[in-house]
Structure formats: structure tokens, C-alpha cells
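Please read the following report with the sequence and the model side by side. It is written for a reader who works at the bench and wants each statement tied to particular residues.

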Amino acid sequence: AWILVRRAHRLRLFGEFARAAALLDLAVRSRPRDAQPLVMRANTRFLAGRPGGREDVEAALALGTCPPSALGDLVEALQILARPVDALMACNATVAMYPGSAFAFRARACAGLALGRPDVGLADARRALALDPEADADLT
């Protein structure tokens, strides 16, 4: 499933949303309890204007804690759905489970900023940078 997700990511970068969605359909079928392909498919569906994104987000949330590698996509999807509080709550759960993850703090920084909480956003951006000095590429 990981290879399918990576290929789908590349396709999305080039605007190939239909092809990316087809790969993500396969990834979700092969790993239905993995949040990464679910949230990536949700965002791909949103970008393509296709239905099903909301259901993918709900399925990912039902899995419980989102792994750090998928958290950025989940935050983005929840922001598209105008659910910034849910995005911050998902980030809080992931940070609690993965306190050493720059990905988790980076995602929570974005969620905090989207909620109008620059104090949360700035503090978490600093934590992400302390954990991974190369995190600044995604924070600037």
C-alpha cells in the first residue's frame, strides 16, 4: 500500500487526480485500517471535485489516533470541511502518542494557526524545528 500511496502523491503533484484516486482506491482496499491512504484519497477527491472525501475523513477519524505521516493530510481535509477544532484535537492525540515526531508538531502548528491560535502555532513550529531542523521547509 505504501508504494501506491507514494505513486498517488506524485500523480497529485502533476494534477493527475483521477489516476491518483484509482491508486488510492487500491491502497484503501489493501489496507482498510490505515489512515494514510484514506486521508490522501479524501484530499484527492476534494481536489478533483469528486464525492466521497467526507466519508474518507470520517473513516480515518474512526480509526483513532492518526499516524504522524498522515496527520498533515488529515488536518488539510478537516480544514476543507471547516472543522478546525477537530483538526486540532486529532493533532493533540497524535502528539500525545508520538511526542518525538516533528511531523506531528508541524501539523499541529498548522492546525493552531488555522484556528486563529498563533501562540499554539508558533510554539509547535519551534518544537518541530527543534526535533528536525529541516522542518523549516514546510513551515515557511
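The report below takes up the nonpolar cores, two helices, several single residues and the cysteines.

This is a predicted model, in which local features need pLDDT of at least 70 and side-chain atom pairs count only at pLDDT 80 or more, while totals for chains, interfaces and linings use all residues. Residues are numbered from 1 along each chain as its sequence is written, and side-chain values use heavy atoms, with hydrogens and water left out.

**The nonpolar cores**

A nonpolar core is here a set of buried Ala, Val, Leu, Ile, Met, Phe, Trp, Tyr and Cys residues joined through side-chain atoms within 4.5 Å. Buried means under 20% relative accessible area, exposed means over 50%, and partly exposed lies in between, with a 1.4 Å probe and protein chains only. Helices are DSSP runs (H or I, at least four residues), numbered from the N terminus.

The largest nonpolar core has 27 residues, and those with the most contacts inside it are V57, C66, L71, L74, V75, C91 and A111. Two or more residues of this core come from each of α3 (35–48), α4 (53–62), α5 (68–80), α6 (84–97), α7 (102–114) and α8 (118–131). The most is given by α5, with six residues. Contact means heavy atoms within 4.5 Å; leaving aside neighbours within four places in sequence, V75 is in contact with A87, C91, A107 and A111. Another core, of nine residues, lies apart from the largest one, and L4, A8, L11 and A27 are among its members.

**Helices α2 and α8**

Helix α2 (residues 17–30) has 14 residues and reaches 20 Å from its first C-alpha to its last, close to the 20 Å expected at 1.5 Å a residue; the expected span is 1.5 Å times one less than the number of residues. Its buried residues are A20, A21, L23, L24, A27 and V28. Seen down the axis of α2, these buried residues fall within an arc of 165°, so they line one face of the helix, the arc being that of the directions from the helix axis to the C-beta atoms. They pack against α1 (2–13) and α3, whereas the face of α2 turned away from the buried side carries the exposed residues A18, R19 and R29.

Helix α8 can be described in the same terms. Its 14 residues should span 20 Å at 1.5 Å a residue, and its end C-alpha atoms are 20 Å apart, which agrees. In α8, V120, G121, D124, A125 and A128 are buried, and they cover an arc of only 125° around the axis, which puts them on the same side of the helix. The face of α8 turned away from its buried side carries the exposed residues P118, R126 and A130.

**Single residues in the helices**

The table lists the placement and relative accessibility of some residues in these helices.

| Residue | Helix | Relative accessibility | Class |
|---|---|---|---|
| N43 | α3 | 0% | buried |
| T44 | α3 | 0% | buried |
| V28 | α2 | 11% | buried |
| L113 | α7 | 51% | exposed |

Leaving aside neighbours within four places in sequence, T44 is in contact with R12, F17, A20, A21 and L24. A polar atom of the T44 side chain also lies 2.8 Å from the backbone oxygen of M40. With the same neighbours left out, N43 is in contact with R12, D73, E76, A77 and I80.

V28 touches P37, L38 and R41, not counting residues up to four places away in sequence. The C-alpha atoms of V28 and A59, 31 residues apart along the chain, are separated by 11 Å. For L113, the contacts beyond four places in sequence are P118 and G121, and its C-alpha atom is separated by 13 Å from that of C91, 22 residues apart along the chain.

**The cysteines**

How many disulfides are there? With a disulfide taken as a pair of cysteine sulfur atoms within 2.5 Å, the count comes to zero. The sulfur of C91 is 8.3 Å from the closest cysteine sulfur, in C110, too far for a bond. C91 is buried, with a relative accessible area of 0%, whereas C110 counts as partly exposed at 38% relative accessibility.

Terms used:
A polar contact is a pair of N or O atoms within 3.5 Å; within protein, one must be able to donate a hydrogen and the other to accept it, and residues adjacent in sequence count only if both atoms are side-chain atoms.
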